[in-house]
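Visitor: Could you take me on a close look at one local spot in this model, and then show me how the rest of the chain is built around it?

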Amino acid sequence: MRIAVLGASGRIGREVIDVLKNQGHDIVAITRAAGVDVYTGAGLADALAGVEVVVDAVNTTTRETAAVKDYFGTVARTVQREAAAAGVRRIAVVSIIGIDPFTTGHYAGKLAHEAGYREGPVPVRVLRAAQFHEFTEMMLEWTTRDDTAYVPTFPTQLVAARTTAEELAALALADSAPDMVEIAGPEQLDLAAAVTKLAARRGDPARVESVVDTTDPEYPLRAAGTLLPGPDAILAGPTFDEWLDRKYPAR
């Protein structure tokens with residue numbers, strides 16, 4: 001099958017391509033570096049020629065609410081338009097568990113992403129994933145000052161990016177599948193506690209302090225477990241400890 005992967009150079013896009021190539025599929029890796037802009041649509045029609053399925057794993061570093069909603073919503077509508085013109089059979093897109101009540105930032109952008117896709121004629125399947133194990137590494141980068149990381153404490157059910165990519169690929173390939181599927185890791189844990197384990201394994205920073213993020217008006221949603229999976233979610237390993245052992249073997 002000829003499959004286009006949007007966001008091919010990103011964390012999930014790279015993994016999805018690896019999964020699909022190992023299964024023998026013909027992959028069109030769509031990135032700006034390859035001359036395709038999924039926001040403006042430049043180069044997209046040519047890239048989608050002969051494509052049967054599109055996998056959307058695009059991301060953005062923008063966090064300002066209006067900008068991120070515009071980016072994701074525009075990408076979805078642009079891809080829908082060009083995919084329909086190219087005769088694409090279906091689109092699979094990765095999103096985030098529990099984002100429905102959020103109105104700001106990245107989560108609001110992903111809601112606009114989902115909504116934009118549903119406006120178009122090509123059937124869409126959404127894989128909502130929990131935060132990735134790799135999210136703990138990002139938290140250390142974002143929150144470390146001097147020798148201490150100040151990490152928000154809230155419940156999560158971290159899942160490996162590779163596991164998510166495998167399920168996204170399966171969702172894209174299936175002849176029949178639900179419109180929305182959730183995937184999370186096998187265990188619930190506190191984000192700050194997970195980051196503390198990571199820091200101890202890496203040896204830097206020296207301390208991790210768990211904090212209640214009073215500057216974020218939507219923090220109570222996170223603290224209440226809104227980002228946890230529902231009862232019908234796919235739960236798949238590795239566990240966070242298993243992932244940690246593989247990526248940062250104990251010395």
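Guide: Gladly! Asp146 sits in the loop that links β6 (144-145) to β7 (148-152), and please keep in mind that this is a predicted model. The backbone here deserves your attention: phi of Asp146 is near 55 degrees, a positive value in a residue that is not glycine. Is Asp146 buried or exposed? The relative accessible area of Asp146 is 81%, and since exposed means over 50%, Asp146 counts as exposed.

Two other loops also have backbone features to check. In the loop between α7 (191-202) and β11 (207-211) you find Pro205, which is joined to Asp204 by a cis peptide bond with omega about 0 degrees. Pro238 lies in the loop between β12 (234-235) and α9 (240-247); a cis peptide bond links Gly237 to Pro238, with omega about 10 degrees.

Now for a contrast with exposed Asp146: strand β4 (residues 90-96). Here 7 of the 7 residues are buried, so β4 is largely enclosed by the rest of the structure. In a regular strand, side chains alternate between the two faces of the sheet. Both faces of β4 are covered: Arg90, Ala92, Val94 and Ile96 are buried on one side, and Ile91, Val93 and Ser95 are buried on the other.

β4 has pairing partners too. With strand β3 (residues 53-56), β4 pairs in the parallel sense over 4 bridges, and Val55 stands opposite Ala92 in β4. To get from β3 to β4, the chain passes through helix α3 (residues 65-86), in a right-handed β-α-β crossover. β4 also pairs with strand β5 (residues 124-129), again in the parallel sense, over 6 bridges; Leu127 in β5 is the bridge partner of Val94. The path from β4 to β5 runs through helix α4 (residues 105-118), and this β-α-β crossover is right-handed as well.

Stepping back to the whole protein, the secondary structure comes to 9 helices and 12 strands. The radius of gyration is 18 Å, which agrees with the value near 18 Å expected for a compact globule of 251 residues. Along the principal axes, the C-alpha atoms fill a box of roughly 55 × 40 × 35 Å. Buried residues make up 54% of the 251. Among contacts with a separation of 6 or more, 80% come from residues 24 or more positions apart. As for the outside, the accessible surface is about 11200 Å², and carbon and sulfur atoms account for 50% of that surface.

Technical notes: Residues numbered from 1 in each chain as written. Predicted model: local features only at pLDDT ≥ 70, side-chain atom pairs only at ≥ 80, totals over all residues. Heavy atoms only, no water. Buried < 20%, exposed > 50% of the residue type's maximum accessible area, 1.4 Å probe, protein only. Pairing = 2+ DSSP bridges. Right-handed = clockwise from strand over helix to strand, strands pointing away. Rg over C-alpha atoms; globule rule 2.2 N^0.38 Å. Contact = heavy atoms within 4.5 Å. Areas by Shrake-Rupley, 256 points an atom, 1.4 Å probe, with all protein chains shown as cover.
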